[in-house]
Amino acid sequence: MQQQTSFLDVLLQNKSRKTRREVFLSQMEKSIPWALLVALIEPFYPTGKRGRPPIGIERMLRLYFVQLWYNFSDEGTEDALYDMPVLARFVGIDLTSERVPDSTTLKNFRHLLEENELAPKILDQINALLADKGLMLREGTIVDATLIAAPPSTKNKDKTRDPEMHQAKKGNEWHFGMKMHIGVDVISGLTHTAVGTAANVSDVAMAGQLLRSDDRIVFADAGYTGAAKRPENEGKDVDWQVARKRGQVKKLPEGEVKGLTQYAERLKARVRARVEHPFHIVKNLFGHRKTRYRGIAKNESQWRVLFALANVYMTRKKVMVGGLA
């Protein structure tokens with residue numbers, strides 16, 4: 001039965017102002033290399049020789065990105081297509097006549113990305129394109145980590161907390177969950193490497209895994225003190241610009257040496273500040289502050305794609321015209 005056009009539909013079609021959601025989706029539409037990401041996933045995607053034909057890869061990829069941008073659950077993503085027509089248009093679905101991907105279909109797509117380890121490949125693919133356009137310069141790396149809270153409750157099916165998550169103390173507070181360790185390009189502030197661990201894994205233990213082979217300088221906060229002396233980092237031709245602990249600087253006698261030390265620390269802090277931008281986008285703009293799944297690997301896969309999307313968001317105004325492809 002043909003749906004009658006309502007007065008509200010006419011008003012929405014003729015409105016002169018675009019919402020922030022429409023502007024954002026339009027920018028992402030023009031910036032993401034859809035064809036290249038589809039080609040990356042295609043070898044692992046079901047062909048549909050048996051049963052109902054699968055939904056197109058690009059449509060599922062768009063739906064998955066919508067889920068990540070707005071921090072929807074699988075069921076919430078399906079509902080959002082009906083509640084927000086702008087999302088259905090972005091995904092490319094006609095709600096009146098086409099099959100709408102349900103929560104199970106989206107879950108299966110996410111599992112496909114996890115099982116075939118496609119999340120790091122998505123991050124690498126986007127970063128390679130950004131590097132080709134001169135938007136990621138290999139001048140050095142900033143390393144840092146962020147805590148991601150996991151549910152501490154045992155009120156679940158297994159009556160237990162996630163065994164892969166652990167407690168860690170930050171300041172005077174204890175946190176239960178995991179960590180995402182990232183390496184960020186010094187010049188552009190774009191994330192090139194992301195690794196997930198339990199929360200009790202020290203930052204300095206992961207520093208070596210966050211560097212690129214040609215990095216010659218690394219900036220890090222005081223939590224990475226001693227990184228250069230660790231066995232995995234010995235022999236690397238890297239200048240470790242690690243922040244001095246505040247207590248050490250405070251104990252210096254007043255005078256020229258202390259003044260120069262404080263000035264040098266301020267300069268290093270300005271560079272390190274760039275690592276906070278990807279965290280801000282993922283945690284505050286995309287709304288991901290807690291783990292959504294059980295286990296490190298599932299959450300690590302999700303966050304790697306999130307950092308890839310954050311890189312696109314950070315460079316969207318420079319690549320919108322021609323896109324990344």
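Buried means under 20% relative accessible area, exposed means over 50%, and partly exposed is in between, worked out with a 1.4 Å probe on protein chains only. Keep that handy for the exercises below. What you have here is a predicted model, so local features need a pLDDT of at least 70, side-chain atom pairs count only at pLDDT 80 or more, and totals for chains, interfaces and linings use all residues. Residues are numbered from 1 along each chain as its sequence is written, and side-chain values use heavy atoms, with hydrogens and water left out.

**Exercise 1. Get to know the chain**

Task: describe the secondary structure, the box and the buried share of the protein chain.

Solution:
- Step 1: start with the secondary structure, which comes to 13 helices and six strands. Helices (H or I, at least four residues) and strands (E, at least two) are DSSP runs, numbered from the N terminus.
- Step 2: fit a box along the principal axes, and the C-alpha atoms fill roughly 85 × 50 × 40 Å.
- Step 3: of the 325 residues, 46% count as buried.
- Step 4: turn to contacts, meaning heavy atoms within 4.5 Å. Among those between residues at least 6 apart in sequence, 66% join residues at least 24 apart.

**Exercise 2. One face of a helix**

Task: find the buried residues of helix H5 and say how they are arranged around its axis.

Solution:
- Step 1: H5 runs over residues 74-83, and its buried residues are Asp74, Thr77, Ala80 and Leu81.
- Step 2: look down the axis of H5. These buried residues fall within an arc of 115°, so they line one face of the helix. The arc is that of the directions from the helix axis to the C-beta atoms.
- Step 3: ask what covers them. The cover includes helix H4 (57-70), helix H6 (85-91) and helix H7 (103-115).
- Step 4: pick out a residue of H4, Gln67. Gln67 counts as buried at 3% relative accessibility. Leaving aside neighbours within four places in sequence, Gln67 touches Phe72, Ser73, Asp74, Thr77 and Leu106.
- Step 5: do likewise for Ser103, which lies in H7. Ser103 is buried at 13% relative accessibility, and beyond its neighbours within four places in sequence it is in contact with Asp74, Glu75 and Glu78.

**Exercise 3. Two positive phi angles**

Task: work out where Asn71 and Glu117 sit, and whether each is buried, partly exposed or exposed.

Solution:
- Step 1: Asn71 is in the loop between H4 and H5. Its phi is near 55°, a positive value in a residue other than glycine.
- Step 2: with 27% relative accessibility, Asn71 counts as partly exposed.
- Step 3: Glu117 is in the loop between H7 and helix H8 (119-132). Phi of Glu117 is positive too, at about 50°, although Glu117 is not a glycine.
- Step 4: Glu117 has a relative accessible area of 57%, so it is exposed.

**Exercise 4. A histidine in a loop**

Task: trace what His288 reaches and touches.

Solution:
- Step 1: place His288 in the loop between H12 and helix H13 (296-319).
- Step 2: at 2% relative accessibility, His288 counts as buried.
- Step 3: the side chain of His288 reaches the backbone oxygen of Leu68 at 2.7 Å.
- Step 4: leaving aside neighbours within four places in sequence, the residues in contact with His288 include Leu68, Asn71, Gln302 and Trp303.

**Exercise 5. Inside H7**

Task: decide whether Phe109 is buried or exposed, and list its contacts.

Solution:
- Step 1: Phe109 belongs to helix H7.
- Step 2: its relative accessibility is 3%, so Phe109 counts as buried.
- Step 3: apart from neighbours within four places in sequence, Phe109 is in contact with Ile41, Tyr45, Met60, Leu61 and Tyr64.
- Step 4: for a sense of scale, the C-alpha atoms of Phe109 and Ala264 are separated by 48 Å, and the two residues are 155 apart along the chain.

Terms used
Polar contact = N/O pair within 3.5 Å; in protein donor to acceptor, adjacent residues only side chain to side chain.
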